[in-house]
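Hi,

Here is the structure I promised to send over. Have a look at it first, and then read on for what I found.

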Amino acid sequence: MALLPILCYPNPKLHTVAKPVQAVDARIRTLIADMLETMKEAKGIGLAATQVDVHERLIVIDVSEQHEDPLVLINPKLIWASPDTHVNEEGCLSVPGIYDGVLRHDAVKVEAQDGSGALRLIEADGLLAVCIQHEMDHLMGKVFVEYLSPLKRNRIKTKMIKAQREANA
Ligand code: NI
């Protein structure tokens with residue numbers, strides 16, 4: 001297993017639209033293991049392949065308190081979203097240190113393949129529902145800060161560029 005570098009906003013690669021995973025083979029199983037390790041190390045609850053510069057429809061999630069209950073979603077497809085919505089405070093491993101409110105559906109149903117390639121139906125609410133919507137956005141090339149006002153987004157962009165410059169200095 002290996003830790004993978006996470007792309008940081010505003011890296012334009014984060015806006016790549018991911019392609020379907022063609023086969024759940026050894027390469028994908030290695031990617032899943034590496035993404036789970038990377039997410040755990042970064043203390044995240046979700047990571048999309050897009051964030052590690054692999055543009056295929058694959059997500060790992062773990063919203064459990066002990067980080068012991070990983071969920072793998074391959075080629076996820078939104079089947080249903082509740083009409084009820086609410087604003088949740090969100091963060092993202094690609095936008096470190098930034099948290100802000102995003103309007104999400106309270107509950108979703110998603111069809112996806114698991115780590116063995118089997119098709120599953122996931123019915124999610126609460127934090128898991130929010131996380132699934134956030135990560136599925138990544139696969140479409142969308143980062144949560146794009147829901148914020150242009151003013152806020154530009155401030156975040158400036159802050160991120162400055163932080164990355166300082167980190168590389
Ligand atoms: Ni994210």
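Let me start with a spot that is easy to check on screen: just after H1, Lys 43 takes a positive phi of about 55°. Bear in mind throughout that this is a predicted model.

The helix before that residue, H1, covers residues 26-41. Its 16 residues reach 23 Å from the first C-alpha to the last, close to the 22 Å expected at 1.5 Å a residue. Which residues of H1 are buried? They are Ile 28, Leu 31, Ile 32, Asp 34, Met 35, Thr 38 and Met 39, so an Asp sits on that list along with Ile, Leu and Met residues. The cover over these buried residues includes three strands, namely S1 (46-48), S2 (58-61) and S3 (71-81).

Now the whole chain. There are three helices and seven strands, and in sequence order they run α-β-β-β-β-β-β-β-α-α. The radius of gyration is 16 Å, close to the 15 Å that the globule rule gives for 169 residues, so the chain is as compact as a globular protein of that length. Along its principal axes, the C-alpha trace spans about 45 × 40 × 30 Å.

A few totals for the protein chain:

- Buried residues account for 41% of the 169.
- Of the contacts with a separation of 6 or more, 64% are between residues 24 or more positions apart.
- The accessible surface is about 9100 Å², and carbon and sulfur atoms hold 54% of that.
- There are 19 positive and 23 negative charges, and their mean positions lie 9 Å apart.

Two more residues to click on. Arg 153 is part of helix H3 (residues 150-168). Leaving aside residues up to four places away in sequence, Arg 153 touches Tyr 9, Val 145, Glu 146 and Leu 148. For a sense of scale, Arg 153 and Pro 70 are 83 residues apart in sequence, and their C-alpha atoms are 31 Å apart in space.

The other is Ser 116, in the loop between strand S6 (107-113) and strand S7 (119-125). Is Ser 116 buried or exposed? Its relative accessible area is 62%, and exposed means over 50%, so Ser 116 counts as exposed. From the C-alpha of Ser 116 to that of Asn 154 the separation is 41 Å, with their positions 38 residues apart along the chain.

Cheers

How values were computed: Residues are numbered from 1 along each chain as its sequence is written. This is a predicted model: local features need pLDDT of at least 70, side-chain atom pairs count only at pLDDT 80 or more; totals for chains, interfaces and linings use all residues. Side-chain values use heavy atoms; hydrogens and water are left out. Helices (H or I, at least four residues) and strands (E, at least two) are DSSP runs, numbered from the N terminus. The radius of gyration is taken over C-alpha atoms; the globule rule is 2.2 Å times the number of residues to the power 0.38. Buried means under 20% relative accessible area, exposed over 50%, partly exposed in between (1.4 Å probe, protein chains only). Contact means heavy atoms within 4.5 Å. Accessible areas come from the Shrake-Rupley method with a 1.4 Å probe; for residues, only the protein chains shown count as cover. Lys and Arg count as positive and Asp and Glu as negative; His and the chain ends are not counted. The place of a charge is taken as NZ of Lys, CZ of Arg, CG of Asp or CD of Glu. The expected span of a helix is 1.5 Å times one less than its number of residues.
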